[in-house]
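Morning, everyone. Please bring up the structure, and let's walk through it together.

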Amino acid sequence: MYDKNIAYDLSLFDEKKEKKNVVKLNIKKIREKRVLKAKLALLVSGATIFGCISLAAVVFIRGQASLNELTAEESRLSRELQEKESLCIQLSMKRESEISKDALRSRLKENFGMIDNKNTEYINVINTSDNGEIKEDLRGFTYIKNQFSKLWNNLFSF
């Protein structure tokens with residue numbers, strides 16, 4: 001239990017080299033890991049840049065294709081509009097030629113055998129006389145009969 005030499009620590013007087021706890025790093029493996037990480041980062045960034053450039057090229061080509069289609073559609077519609085305008089002008093000129101006085105006179109002469117008269121007479125088709133209606137003032141039995149018939153019609157008009 002009790003040790004007599006406990007009070008003496010002889011190790012203090014020994015001259016021993018102290019060993020330090022030094023960890024040696026494997027620098028070669030660390031460098032290899034760094035190189036691999038750098039290569040991986042370069043590969044990922046290169047793939048990302050390639051993807052972005054490819055996407056931009058696809059969007060540009062698709063835009064050019066749709067622009068080309070729209071231009072073709074616009075030129076087709078423009079040609080169609082010119083054709084319609086030409087047809088409209090032709091029809092308006094034909095109508096004017098049919099309505100002209102000389103053409104009308106010649107058609108009346110040919111179709112209806114009318115005589116060519118140099119004196120033109122204008123006929124007024126509007127009646128200028130004022131006409132008005134006088135409404136009878138209905139009293140008595142006729143008034144009651146009319147009111148009853150209106151009521152009857154309103155009730156059973158479903």
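How many residues does helix α2 have, and how far does helix α2 reach from its first C-alpha to its last? Helix α2 covers residues 101–112, which makes 12 residues. From end to end, C-alpha to C-alpha, the helix reaches 16 Å. At 1.5 Å a residue, the expected value is 16 Å, and the helix comes close to that. Right after α2 comes Gly 113. The phi of Gly 113 is positive, near 65 degrees.

One caution before we go on. This is a predicted model. Keep that in mind for every value I mention.

Now the overall layout. The protein chain has three helices and zero strands. Along the sequence, the pattern reads α-α-α. The chain has 158 residues, and 0% of them count as buried. Its accessible surface is about 17,200 Å². Carbon and sulfur atoms account for 60% of that surface.

Next, helix α1, which spans residues 27–99. How many salt bridges does a search of the whole structure find? The answer is two. Take Arg 76 and Glu 73 to begin with. Their side chains meet in a salt bridge, at 2.6 Å from N to O. Both residues lie in helix α1, three residues apart, which is about one turn of the helix. Now turn to Glu 80. Its side chain meets that of Arg 76 in a salt bridge, at 3.2 Å from N to O. Glu 80 and Arg 76 also both lie in α1, four residues apart, again about one turn. The bridges share partners, and they join Glu 73, Arg 76 and Glu 80 into one network.

Why does that spacing fit? An α-helix has 3.6 residues a turn, so residues three or four places apart point the same way.

Are these residues buried or exposed? Take them one at a time. Arg 76 is partly exposed, at 36% relative accessible area. Glu 73 is partly exposed too, at 36%. Glu 80 is partly exposed, at 34%.

Let's stay with α1 and look at charge. Which residues form the positive surface patch? They are Lys 29, Arg 31, Lys 33, Arg 34 and Lys 37. Lys 29 lies in α1. Its relative accessibility is 52%, so Lys 29 counts as exposed, the cut-off being over 50%.

Last stop, the nonpolar side. Phe 148, Leu 151, Trp 152, Leu 155 and Phe 156 form a nonpolar patch on the surface. Together they offer about 590 Å² of accessible area. Pick out Leu 155. It is found in helix α3, residues 141–155. Leu 155 is partly exposed, with a relative accessible area of 47%.

To recap, there are three helices and zero strands. Glu 73, Arg 76 and Glu 80 are joined into one network by salt bridges. There is a positive surface patch that includes Lys 29, and a nonpolar surface patch that includes Leu 155. Thanks for listening.

Methods:
Residues are numbered from 1 along each chain as its sequence is written. This is a predicted model: local features need pLDDT of at least 70, side-chain atom pairs count only at pLDDT 80 or more; totals for chains, interfaces and linings use all residues. Side-chain values use heavy atoms; hydrogens and water are left out. Patches are made of residues with over 30% relative accessible area and no salt bridge: like charges are joined within 9 Å, nonpolar side chains (Val, Leu, Ile, Met, Phe, Trp, Tyr) within 5 Å. Accessible areas come from the Shrake-Rupley method with a 1.4 Å probe; for residues, only the protein chains shown count as cover. A salt bridge is a side-chain nitrogen of Lys or Arg within 4 Å of a carboxyl oxygen of Asp or Glu. Helices (H or I, at least four residues) and strands (E, at least two) are DSSP runs, numbered from the N terminus. Buried means under 20% relative accessible area, exposed over 50%, partly exposed in between (1.4 Å probe, protein chains only). Lys and Arg count as positive and Asp and Glu as negative; His and the chain ends are not counted. The place of a charge is taken as NZ of Lys, CZ of Arg, CG of Asp or CD of Glu. The expected span of a helix is 1.5 Å times one less than its number of residues.
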